[in-house]
Amino acid sequence: MKVLFLFVATVLVACHATDYQMYPLRLKTGHVGQYSTEVLCASWRLGVEANNLIKWKTVPETCQQFVADYVLGDQYRSDSKTVCREAYFYAKTLNITDKDVFVFDVDETLLCNLQYYSKHGFGVERFNATAFANWVAEGEAYALPETLVLYDKLLSLGIKVVFLTERLVSQRAITVANLKDVGFDQWEKLILKDPAAYVGKSTLTYKASERRKLEESGYRIIGNVGDQWTDLMGSFRGLRSFKLPNPMYYIG
């Protein structure tokens, strides 16, 4: 009993000693205003990518340079590589049938439109569908390199791919040419939006409906890849989804 008492007393003395050092990773106190613009914009991007910030239409003006540095720098490609690598590792674990497909969005998933966004404030300007359609008509978008690597690897595994885009049926020819020019030269289906069939319908509704048609025709969606949450949410989204980074715009 005496030994126990002495032990407890020793611990208490040690814990309250004057030279006790505070744990170095404690949270800092203070106001958010103390943080740098870079830190605040990194937090904003995290909120966007995690779909915690929704229904926004433009990148905050204070974050324009942050977004530009991100998408033009190494971090964007590294983040994309992490997602695409995980999608491939997942695909390798599956027993593939001839009706299994991976669904890909097109813009900012297969094709990179940074040439357009660099001229429109990297998302600070509100998205303009007419201006973007004019850019699409040029057919000059680049391939996103990490997605192209994933695409080639999926084909090597015998997995079919379906491209599901909000581009319009009237843009089919230029979209086909652009995709083939940059290396996406085969697919099971390329689905473009018929505006007459989806008047007043959201992107979420359109993509879920087209995925339903795929499954009803006998396909099994084993993977779904996109840069927008509207590419990945809703019904018939497949066995697993993979969200690519894109902090530039949100269309609900």
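## Helix H7

In this predicted model, helix H7 covers residues 145-156, and because each residue should add 1.5 Å, its 12 residues are expected to span 16 Å, which agrees with the 17 Å that separates its end C-alpha atoms. Several residues of H7 are buried, namely Glu 146, Thr 147, Leu 148, Leu 150, Tyr 151 and Leu 154. What covers these buried residues includes H4, E1, E4 and strand E3, which is made of residues 142-143. After H7 comes Gly 158, which has a positive phi near 85 degrees.

## The chain as a whole

The protein chain has 252 residues, of which 42% count as buried, and its secondary structure consists of 10 helices and 7 strands. About 14400 Å² of the protein chain is exposed, and carbon and sulfur atoms supply 57% of that area. Among the contacts with a separation of 6 or more, 71% are accounted for by residues that stand 24 or more positions apart.

## The parallel sheet

How are the strands of the open sheet ordered? There are 5 strands in it, they follow the order E5-E4-E1-E6-E7, and their pairing is parallel. Strand E5 (189-193) and strand E7 (241-243) stand at the edges, and each has a single partner strand, so one side of each is left without a neighbour in the sheet. From one strand to the next, the twist averages 20 degrees.

Within this sheet, strand E1 (residues 100-104) is paired with strand E6 (residues 220-226) in the parallel sense, over 5 bridges. Val 103 has Asn 224 in E6 as its bridge partner. Helix H8, residues 172-181, lies across strand E4 (160-168) and E5, and it runs at about 140 degrees to E5.

## The nonpolar cores

In soluble globular proteins, nonpolar side chains tend to be buried together. Here, the largest nonpolar core holds 51 residues, and those that touch the most other members are Val 67, Val 71, Phe 102, Phe 104, Phe 163, Leu 179 and Phe 184. Which helix gives the most to this core? Helix H4, residues 74-92, does so with 7 residues.

Phe 184 shows how distant parts of the sequence come into contact: leaving aside its neighbours within four places, Phe 184 is in contact with Leu 110, Ala 143, Thr 147, Leu 148, Tyr 151, Phe 163 and Leu 179. Apart from the largest core lies another, of 10 residues, including Leu 164, Ile 191, Tyr 219 and Ile 221.

## Helix H3

Helix H3, formed by residues 64-72, has Phe 66, Val 67, Ala 68, Tyr 70 and Val 71 as its buried residues. These buried residues of H3 pack against three helices, which are helix H2 (37-49), H4 and helix H5 (114-118).

## Leu 244

Leu 244 belongs to the segment after E7. Is Leu 244 buried or exposed? Its relative accessible area is 2%, and because residues under 20% count as buried, Leu 244 is buried.

Not counting residues up to four places away in sequence, Leu 244 touches Glu 49, Ser 80, Val 83, Cys 84, Glu 108, Thr 109, Thr 147, Val 225, Gly 226 and Asp 227. Between Leu 244 and Trp 229, which are 15 residues apart along the chain, the C-alpha atoms are separated by 9.5 Å.

Conventions: Residues numbered from 1 in each chain as written. Predicted model: local features only at pLDDT ≥ 70, side-chain atom pairs only at ≥ 80, totals over all residues. Heavy atoms only, no water. Core = buried A, V, L, I, M, F, W, Y, C linked by side-chain atoms within 4.5 Å. Buried < 20%, exposed > 50% of the residue type's maximum accessible area, 1.4 Å probe, protein only. Helix = DSSP H or I, 4+ residues; strand = E, 2+ residues; numbered from the N terminus. Contact = heavy atoms within 4.5 Å. Pairing = 2+ DSSP bridges. Axes fitted to C-alpha atoms, helices over the stretch in contact; angles between N-to-C directions. Areas by Shrake-Rupley, 256 points an atom, 1.4 Å probe, with all protein chains shown as cover. Expected span 1.5 Å × (residues − 1).
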